[in-house]
Amino acid sequence: MKKAIILLMGCLAAISTRGQQHAGYPVTPVPFTSVKVTDNFWGERLRASREVTIPLAFRKCEETGRYKNFEMAANPGPGNEVTGYSFDDTDVYKTIEGASYLLQSYPDEKLKRYIDSVLVIVAAAQEPDGYLYTVRTMNPGHPHEWAGVRRWEKEEDLSHEFYNLGHMVEGAIAHYQATGRRNFLDIATRYADCVCRAIGEGPGQLTIVPGHQIAEMALAKLYLLTGEKKYLDLARFFVDKRGYTSRRDAYSQAHAPVLEQDEAVGHAVRAAYMYSGVADVAALTGEQAYIDAIDRIWDNVVTKKLYITGGIGATGSGEAFGKEYELPNMSAYCETCAAIGNVYWNYRLFLLHGDAKYYDVLERTLYNGLLSGVSLDGDGFFYPNPLESIGQHQRQAWFGCACCPSNVCRFIPSMPGYIYAVKEKDIYVNLFVSNEATLDVAGKRVDVKQATNYPWDGEIRVEVSPRAAATFGVKIRIPGWARDEVVPGDLYRYADDKRLAYRVTVNGQAVEGTPEQGYITVTRRWKRGDVVEVHLDMEPRVVRANPRVEADRGRVAVERGPVVYCAEWPDNHFSVSGVLLNREPRFEAAYRPDLLKGVVTLATDAQALRFDERGRLCPEEVSLTLIPYYAWAHRGPGEMAVWLPADVAATRPSMPPTLASRSTLTASHRGSALTAVNDRLVPGAPGDRSAPYYHWWPKKDTTEWLVYEFPDPARVSSSTVYWFDDGPWGGCRVPAAWKIYYRDAAGGWVPVSDASGYPLLKDAPCRVTFDPVTTPALKLEVRLPAGHASGLFEWEVK
């Protein structure tokens with residue numbers, strides 16, 4: 001058991017299997033089980049995960065029928081109703097994985113027994129040859145519509161059979177580490193063996209690759225744990241055959257063979273998982289070509305496709321990377337799962353190269369784009385993480401597609417494993433978190449104790465205590481933000497004239513030298529109680545994006561240390577969208593222990609711009625307050641923005657109320673973004689998807705409606721609609737027809753008379769005029785097209 005943990009948590013350190021030496025990652029991780037977090041900031045998040053998030057996820061697995069699926073699979077029959085998604089099984093596996101991580105740090109016999117009871121249900125659903133896929137097994141005659149008639153036939157499309165395998169294996173390995181029991185590991189190994197027999201280039205085998213990647217990472221881990229080379233061979237097969245099978249599209253990163261790819265494209269989560277799996281295969285096989293490929297793709301992301309929050313995936317259409325420099329804010333997708341995948345990928349690149357630039361991206365993602373995905377109390381989750389909102393975004397307790405909540409369950413408890421790493425006689429201090437750890441450095445035990453109030457200040461104290469005096473190196477990461485680099489490349493730059501200082505001392509003596517690969521290295525003979533002190537100036541910084549990022553032109557973002565800030569409505573009495581920063585803003589930082597579980601806020605002078613009812617621009621001197629981006633959306637719906645106007649041309653002055661904005665709006669289908677219909681925001685140009693929109697998806701070929709109830713009867717004579725059409729890939733199109741009705745004195749709906757016509761245009765306002773009528777309400781009736789839904793950005797009434 002102990003050997004298995006060392007092999008696995010050493011994560012691809014050199015091992016010997018069947019007499020053949022395999023390369024591993026040059027840098028070795030420190031198991032999170034060797035690190036005890038004592039930190040206020042991260043301790044609170046680990047507590048929330050243990051006490052709230054994971055119990056919530058287990059409860060939701062019960063309430064939403066996840067467990068019932070396994071029970072029906074154990075008793076298959078035509079009466080079993082197949083519902084949900086083809087990957088719902090993974091929510092169970094991921095939650096067990098996160099709970100298992102917690103068990104290693106916080107032993108809990110009751111939790112162990114609960115997990116064992118769930119695994120009894122899971123084991124009963126497994127078919128005799130190891131196949132475990134409940135949405136087929138429960139009703140073989142009528143499986144899930146995404147599953148196909150036969151095993152694997154829709155794997156490259158939507159069946160997710162290999163995706164289920166990947167999460168099963170990762171959860172099973174974590175459970176084995178935590179408990180030493182094989183009850184979950186045996187289930188996962190049997191399914192992996194089933195896939196190994198079915199997939200390959202041998203007689204009777206199928207040459208297919210995962211539709212949704214993650215099996216590559218999981219199989220590499222299973223190889224390390226078991227020493228069975230067939231698992232590594234299958235992981236490599238999945239990497240090598242992508243781009244050569246029947247599916248060859250960018251969405252699934254199959255547009256070209258992996259070794260020929262140089263741009264991040266398609267579904268962002270699948271991509272990040274694939275790049276991580278390629279790194280694992282590269283480390284285990286020693287193939288430089290794999291490393292070259294993911295290095296090229298990483299350069300593409302950090303120089304052209306990375307959000308300042310560390311989020312990836314610009315568009316909701318395909319949950320995908322956009323074009324180069326396409327980084328919209330309000331419509332940013334930035335899925336929480338993609339942020340987690342970005343951490344996995346950058347972590348592996350660090351293990352390959354030992355360069356701090358990967359941790360600069362990892363840390364940015366961790367403190368911003370990832371943490372925003374879970375509420376401070378651990379009971380609410382974002383699926384997308386936009387960088388601007390007018391109130392249409394709120395965390396939810398769960399989702400029908402619950403990949404993000406269950407992914408948070410497994411990631412947060414694993415965070416301590418990212419703090420340190422070791423290479424031969426060097427210790428890497430990568431994250432600044434109060435903790436106590438015991439590390440293995442060239443066969444010698446070294447106790448390390450870190451104390452800090454990071455990310456709120458830059459004072460870090462690291463006590464280094466080898467069990468016996470020894471010579472080795474301690475490598476302190478000097479973050480990119482402290483070296484005047486937002487991220488590697490020119491996608492973002494600091495736009496102020498500040499030069500932050502940093503210093504490192506050992507037992508009070510200054511350490512001279514400049515960082516190499518982002519690290520200050522102190523090599524000496526260490527003895528118990530030696531102390532390294534690190535000081536990083538931590539001041540608010542103003543950031544501008546590359547001018548090719550259209551969404552951020554004329555705007556700036558503000559960050560302090562690793563934390564990106566935003567302006568949110570509860571802290572500001574004016575419209576956030578109408579603010580204009582001073583040309584050279586100065587900020588005051590203040591720690592607020594009473595706010596959002598303790599945060600540093602920033603305040604600066606600014607102007608709030610608005611138009612009065614006569615159309616005059618009215619500036620107002622205001623004090624603008626900013627909070628950490630990860631903490632937004634905890635105080636109700638309203639405006640939020642990360643990128644704030646610093647140039648007049650980028651401002652969006654608040655508008656006076658219109659008849660539509662003052663009306664009560666109802667709809668035939670209650671969607672989360674109904675407020676978009678009368679928010680006075682319209683697309684700025686053809687193809688612009690940054691403005692909020694409302695849609696009737698998943699309804700198709702039906703008649704739907706919206707109704708404005710006016711505050712008082714009003715005289716109206718025209719109506720303009722801006723239709724939302726996300727073709728060719730999305731599900732919404734311009735409607736088949738539309739019509740305007742008014743409510744008469746009897747309360748009935750009457751078509752407006754002498755209508756000028758109802759245009760059906762994409763990317764253009766569709767305006768109808770009609771005979772003036774005084775009415776208390778107006779109705780927009782929409783006939784959806786066959787095979788598609790419809791949606792709209794705005795419905796104006798005059």
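Is D484 buried, partly exposed or exposed? In this predicted model, D484 is partly exposed, with a relative accessible area of 40%. The legends below begin with the whole protein and then turn to individual sites.

**Figure 1. Overall view of the predicted model.** The protein comprises 15 helices and 32 strands. Its radius of gyration is 28 Å, close to the 28 Å given by the globule rule for 798 residues, so the protein is as compact as a globular protein of that length. The C-alpha trace spans about 90 × 70 × 50 Å along the principal axes. Of the 798 residues, 61% are buried. Among contacts with a separation of 6 or more, 71% are between residues 24 or more positions apart. The protein exposes about 30,100 Å², and carbon and sulfur atoms supply 48% of that area. There are 89 positive and 98 negative side chains, and the centres of the two sets lie 3 Å apart.

**Figure 2. The open sheet of 5 strands.** The strands follow the order β3-β6-β7-β11-β15, and their pairing is mixed. At the edges stand β3 (28-29) and β15 (519-526), each of which pairs on one side only. Strand β11 (residues 470-477) pairs with β15 in the antiparallel sense, over 8 bridges. Within this view, G473 stands opposite T523 in β15.

**Figure 3. The surroundings of E363 in helix α14.** Helix α14 covers residues 356-370 and contains E363. With a relative accessibility of 2%, E363 counts as buried, because the cut-off for buried residues is under 20%. Neighbours within four places in sequence are left aside in the list of its contacts. The partners of E363 are then L431, Y454, R477, P479, W481 and P562. One of these partners, Y454, also takes part in the cis peptide bond of Figure 5.

**Figure 4. Helix α3 and the helices that pack against its buried residues.** Helix α3 is formed by residues 66-74, and its buried residues are R66, Y67, N69, F70, M72 and A73. An α-helix has 3.6 residues a turn, so residues three or four places apart point the same way. The buried residues of α3 pack against four elements: α2 (40-63), α4 (89-105), α5 (109-124) and α6 (134-137).

**Figure 5. Two cis peptide bonds that precede proline, at P455 and at P698.** The bond from Y454 to P455 is cis, with omega near 10°. P455 is found in the loop between β9 (444-452) and β10 (459-466). A cis peptide bond also joins W697 and P698, where omega is about 10°. P698 lies in the loop that connects β27 (694-695) and β28 (703-724).

**Figure 6. Two residues with positive phi, A442 and D484.** Which value does phi of A442 take? Phi is near 50° at A442, which is a positive value in a residue other than glycine. A442 lies in the loop between β8 (435-441) and β9. This residue, A442, is partly exposed, with a relative accessible area of 48%. D484, with which these legends opened, likewise has a positive value in a residue other than glycine, its phi being near 70°. D484 is located in the loop between β11 and β12 (492-494). Its relative accessible area is 40%, so D484 falls in the partly exposed class, which lies between under 20% and over 50%.

Conventions: Residues numbered from 1 in each chain as written. Predicted model: local features only at pLDDT ≥ 70, side-chain atom pairs only at ≥ 80, totals over all residues. Heavy atoms only, no water. Pairing = 2+ DSSP bridges. Helix = DSSP H or I, 4+ residues; strand = E, 2+ residues; numbered from the N terminus. Buried < 20%, exposed > 50% of the residue type's maximum accessible area, 1.4 Å probe, protein only. Contact = heavy atoms within 4.5 Å. Rg over C-alpha atoms; globule rule 2.2 N^0.38 Å. Areas by Shrake-Rupley, 256 points an atom, 1.4 Å probe, with all protein chains shown as cover. Lys, Arg positive; Asp, Glu negative; His and termini not counted. Charge placed at Lys NZ, Arg CZ, Asp CG, Glu CD.
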